[in-house]
Structure formats: C-alpha cells, structure tokens
Amino acid sequence: MDIQTKLLIFAVDLVGPLLLGYASRYQRRVGDDFFNKMILNNIFVVCPVVSFLSFWVMPLTRELFWMPFLSLALGFVPGVAAWWLARRKYRDHREQGAYVMSASLANLGTIGGICVYLVYGEQGYGYQQIATLFQYVLMFAFCYPLAQYYERQADGRSGKKVSFWSMMFSKNQIAVVGILMGGALQMAGIPRPAELSGVTPFFIHLGAWTGLIPVGYSLDFGRIRRYWLSLFDLAALKFAATPLLLYGVSGLFVESPVMRGSLLILAATPTAINAVVAARLYHLAVDLTVAAFLVTTLLFLLIVYPVLFLFLSPTG
C-alpha cells in the first residue's frame, strides 16, 4: 500500500466518523444510550480482539526490551505532571480527571501510526504498534481505575473504601485478558493462523469508526469554547516537555536512531480519542477532553509534526 493510499485511509478513518457523529446531533432517532453502547462495543469487543491478535504475533527480541517501559512512560510522564497541575488548576474533580486523561492518553494508533510510517517506514511502524499495545495496558489497568477514582471523588463517595480488586478488575479492563492470552500464545511458540491476518485491520477500522462517531456526537463548540485557551499548558506538556525528556532518557540505553526517532514522534502525539471515551464512560468533564483533542490535534498536524518531519526525515 503506497503512502497516498495510507493518507487517504487515515483521512477517511479520522474525518469521516467525526463528521457522521457531529451530523447525528441533528437527528432524534437515537440518543446518548446508542452512542454509549457504541463505546462499550469498543471496550468489550474491538479492544480485546485487537489486543489478543496483535500480542500473539509481537516479536520478542533484545532490541525491544526497553519498549514496554518507554511505551508506558509515554503516558505516565505527562500523566503525573498533569495530576500535579490539575490539582492547582481545577477545583472540580471531574475537570481534574478529564485533564489527567487528556495528558495521559495520546493518539499513538491513528495519528502516531501514519506519522511514524511517513518518516521511518515499516520499521518505525513496528515500534509504533508495540507502543500502542502497551498504551492499552496503561489505559485499561491505570487510566480507567484513575478515572473511576475521580468520578467517586466528584460524587462525594471518597469516604467509602474501594478495594484494589474492584478498581483493577472491573469489566472495563477486559482487554487486558486479550493481551495476556495473546502474549501467552506468543511465548508458547504457537503460530497465529494465516487466516486471521486480515481480521486485525478490519477491527482496527471498525474501532476507529465506532470510537470516533461518539466523539463527533459529543462535539458542542459552544460548550468547549471555554476550555480552548486554557489548554496551552497541556500543549506545552505534550509537545515539548514530554518528548524532550523521553528522547533524552532513551539515548542512555537505546542506540537505534529509528527507535529513538519513533519514540520522539509518539511522545509528541496529541490527545487520544480514548481520553474522550474515558470521560464519557466515567462521567468526567467530556467538554474538556474534546477541547483537548481538537486543540492538540490541530497544533500537531499544523505545526509540531511538520517540524518533526523536517528534523527526523532521512531525506530532509
């Protein structure tokens, strides 16, 4: 598949469902319940299947030893910084949680994939796939429980003790099961049937549409306008502090310029759709996450990525 085709698919999978979801705001046949079920379809069907199939064929080599740690750091580093900032910036726990989700979850899959591929080709795309897989671990095992914590704080249920097991092993973490099962088959040396090779791309495209349509439906420019100008600190965190820190740290034990460059691009990717999904699922400030998604995505595509492309491209 050539670059033009990949760019076309990228544009269709990103813009198409957003427009369809936004247009759905002007109809009355289906409402919030329908789009919430669409989100749950991603959690209970798409994510487990993609995680299972992807981890099944993930190669285990020495060069990839640091990738799990660096991939998790892509979310933990900005997430911890955002946690500190949110406590001083917002009084509302729902806004605090939404801010932390917006910083922790980056668009490694859709935007990160095509942007890394344009610079480093198949090898860079392979690193991106691994980073995306471990973001699933971060999202389901850390971000969702943290979002639930903020929801409980906002509801005034902070006095009620919540067990570790109920936070970490709720039904929303079912994708972790797919990750563990796929990893176990890979470690056992059981090859994945060739017939399943076409299943993963289908579910990826399905996940893009069923994940983005509810986001488009959530777009209310009048309500998110109040957050636009307040998110430039988030942009500085995602586009400057995090990528520079991780790029410098990775240089201590990673020699491959392709791996380091891929990590730099991925560390600078904008807020993910999954931040909006987490906010909707746990009743946080959805408007803040939507604003973060729009602001950081526009800044990345118009300014950040062109600079990175010129800096990192072998022909640039």
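This is a short tour of one helix pair and two salt bridges in the structure above.

The model is predicted, so local features need pLDDT of at least 70, side-chain atom pairs count only at pLDDT 80 or more, and totals for chains, interfaces and linings use all residues. Residues are numbered from 1 along each chain as its sequence is written, and side-chain values use heavy atoms, leaving out hydrogens and water.

**Stop 1: two helices**

Select residues 199-218, helix 8, and residues 273-281, helix 12. Helices here are DSSP runs of H or I with at least four residues, numbered from the N terminus. The two axes, lines fitted to C-alpha atoms over the stretch in contact, are 10 Å apart and make an angle of about 70 degrees. Helix 8 and helix 12 are therefore roughly perpendicular (65 to 115 degrees).

Now show the side of helix 8 with Gly211, Leu212, Pro214, Val215 and Ser218, then Ile273, Val276 and Arg280 of helix 12: these make the contact (heavy atoms within 4.5 Å).

**Stop 2: Lys89 and Asp233**

There are 2 salt bridges to visit, each a side-chain nitrogen of Lys or Arg within 4 Å of a carboxyl oxygen of Asp or Glu. In the pair Lys89 and Asp233, the closest N and O atoms are 2.8 Å apart. Lys89 belongs to helix 3 and Asp233 to helix 10, so the pair ties together parts 144 residues apart in sequence.

**Stop 3: Arg226 and Glu95**

Select Arg226 and Glu95, whose side chains form a salt bridge at 3.8 Å, N to O. Which partner is buried, under 20% relative accessible area? Glu95 is, at 12%, whereas Arg226 is exposed at 60% (exposed means over 50%).

Conventions: Axes are lines fitted to C-alpha atoms, for helices over the stretch in contact, and angles run from 0 to 180 degrees between N-to-C directions. Angles under 35 degrees count as roughly parallel, over 145 as roughly antiparallel, 65 to 115 as roughly perpendicular and the rest as oblique. Buried means under 20% relative accessible area, exposed over 50%, partly exposed in between (1.4 Å probe, protein chains only).
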